[in-house]
Structure formats: C-alpha cells, structure tokens
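Hi everyone, thanks for making time this morning. Let me put the model up on the screen, and then we'll walk through it together.

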Amino acid sequence: MITQPAVRGADAELVSASLTEPEVFAELFDRYSAMLFRYASRRLGPEPAEDLVGETFLVAFSRRKSYDLAYPDARPWLFGILTKLISRHHRKEAARYRALLRAPVDHEVESPADRVAAGVSARAVRAELAGALAALPARDRDVLLLIAWGDLTYEEAARALGIPVGTVRSRLNRGRRKVRAALGDTNPLEEE
C-alpha cells in the first residue's frame, strides 16, 4: 500500500526527502508548475511553455542531488533552469515579439469602462513593448522578465541566473531604461 507523504514546509526539505522518496518531488511540481508555466507562456507562448515546464522539472529532478539545501525556497533554482531552457529557444522568443510587433492592436472594447482601462493599460502599447523586449540583449531581458513576470526578488533572480545581485541591478536598470525609451519615456500604467 502506498501512503502519501506528509506535506512538508520548505522546498529544501522536499528536495532532500526526494533523494530517498522520489515521489515527494511531485509536490514541487504541484507548488510551482503553474507559476513557471505563466512565466514561460508569456515569453514563448503556451505550446512551448508546457514542454519547457515539463523539461524544467525533469532537469531539476535529475539534478536534485546538487541542490543547495541552504536555500529553503526552490523557486529561484527552478526559474534558473527554466530561463536557461528558454534561452535555447531564444530565436522563437524573438520571433514571437516580432510577430506581436506586427500584430494589430485589438481596439474592440465591450463597455466605456473597458475603453478607459484599455487606454491606460499596457495593451495600448503592446507592439512597442514587444519590439522593445525583442531589441533587448537576452541577458537584460532575462533579468527584466524574471523580476516583472516571474515575480522574483533581485536576490532570487541573481540565484536563478548564477550572477551577483549587483549585476541583476545593473541589467534591470539598463533593461528598464531601454524599454522606457522605446515607449517614449511613458509608463502606460501610471495615470496622467
């Protein structure tokens, strides 16, 4: 008879326990697969995102013996693996941004409230944003998107990419500056 392991707290405990009970690793998948999918889907689209998230967990499972148990949160580790896999798909990602750049902006809105919201949202500058992201060097784009879409802290992004926190800060600053300039030094999320 198979018994379900007790729910454990820290991710590091799950990784450690999975060394003797491999099925425990599935809890990390349950915790983070949706978050990783959203991030990958925004970068590459839903079809490759599903494959990459699966591949991320296969890589993580195979490398779980080398996980640094001093870090209780496995999110940066998983985002780091996923980001490296995404970088292999960089050409597809850049092509997606170029396609968004060429795509017409959807002007259909259902109500006056939606019309106002659409006017001040990032949708209004979708093509410009896509072009700005496509123009960024991959290393700057990775940092920017890990923080903006992956919701990682500077320290977590640094750990995910294996770079110093100072490098994260400079790449993020450079990426934000370039995107802001491409958008005409405006922020569509701020009210006038």
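Let's begin with Phe-29, which is partly exposed at a relative accessible area of 36%. By that I mean the class between buried, under 20% relative accessible area, and exposed, over 50%, with a 1.4 Å probe and protein chains only. Before I go on, a word on the source: this is a predicted model, where local features need pLDDT of at least 70 and side-chain atom pairs count only at pLDDT 80 or more, while totals for chains, interfaces and linings use all residues. Residues are numbered from 1 along each chain as its sequence is written, and side-chain values use heavy atoms, with hydrogens and water left out.

Now, which ring does Phe-29 pair with? A search of the whole structure finds 4 aromatic pairs, and in one of them Phe-29 meets Phe-57 edge-to-face, at 5.0 Å centre to centre with 70 degrees between the planes. For the cut-offs, rings of Phe, Tyr and Trp (its six-membered ring) pair if their centres lie within 6.5 Å; planes under 30 degrees apart count as stacked, over 60 as edge-to-face and the rest as tilted. Phe-29 sits in helix H2 and Phe-57 in helix H3, so this pair ties together parts that are 28 residues apart in sequence. Unlike its partner, which is partly exposed, Phe-57 is buried, with a relative accessible area of 7%.

While we're on rings, there are two arginines to point out. Arg-64 lies over the face of Phe-61, 3.8 Å from the ring centre, and Arg-159 lies over the face of Tyr-71, at 4.0 Å from the ring centre. The criterion is NZ of Lys or CZ of Arg within 6 Å of the ring centre and within 35 degrees of the ring normal.

Let me zoom out for a moment. The protein chain comes to 10 helices and 0 strands; helices (H or I, at least four residues) and strands (E, at least two) are DSSP runs, numbered from the N terminus. Of the 192 residues in the chain, 39% are buried. Taking contacts with a separation of 6 or more, 63% are between residues 24 or more positions apart, where contact means heavy atoms within 4.5 Å.

Back to H3, the helix of Phe-57. H3 has 17 residues and reaches 24 Å from its first C-alpha to its last, close to the 24 Å expected at 1.5 Å a residue; that expected span is 1.5 Å times one less than the number of residues. Its buried residues are Ala-49, Leu-52, Val-53, Thr-56, Phe-57, Val-59 and Ala-60. Seen down the axis of H3, these fall within an arc of 160 degrees, so they line one face of the helix. The arc is taken from the directions from the helix axis to the C-beta atoms. As a reminder, an α-helix has 3.6 residues a turn, so residues three or four places apart point the same way. Turned away from the buried side of H3 are the exposed Glu-47, Glu-50, Asp-51, Leu-58 and Ser-62. And what covers the buried residues of H3? The cover includes H2 and H4.

H4 has 14 residues, and 11 of the 14 are buried. Among them are Trp-77, Leu-78, Phe-79, Leu-82 and Ile-86.

That brings us to the core. The largest nonpolar core has 45 residues, and those with the most contacts inside it are Leu-28, Leu-36, Phe-57, Trp-77, Leu-78 and Leu-146. Here a core is a set of buried Ala, Val, Leu, Ile, Met, Phe, Trp, Tyr and Cys residues joined through side-chain atoms within 4.5 Å. H4 gives the most to this core, with 7 residues. Take Leu-36: setting aside neighbours within four places in sequence, Leu-36 contacts Val-53, Thr-56, Phe-57, Leu-78, Phe-79 and Leu-82.

Ala-40 is in helix H2 and is buried, with a relative accessible area of 0%. Beyond its neighbours within four places, Ala-40 is in contact with Gly-45, Ala-49, Leu-82 and Ile-86. The C-alpha atoms of Ala-40 and Ile-86 are 7.5 Å apart, although 46 residues separate them along the chain.

Last stop: H8, where 8 of the 11 residues are buried, including Asp-140, Arg-141, Asp-142 and Leu-146. Thanks, and I'm happy to rotate the view for anyone who'd like another look.
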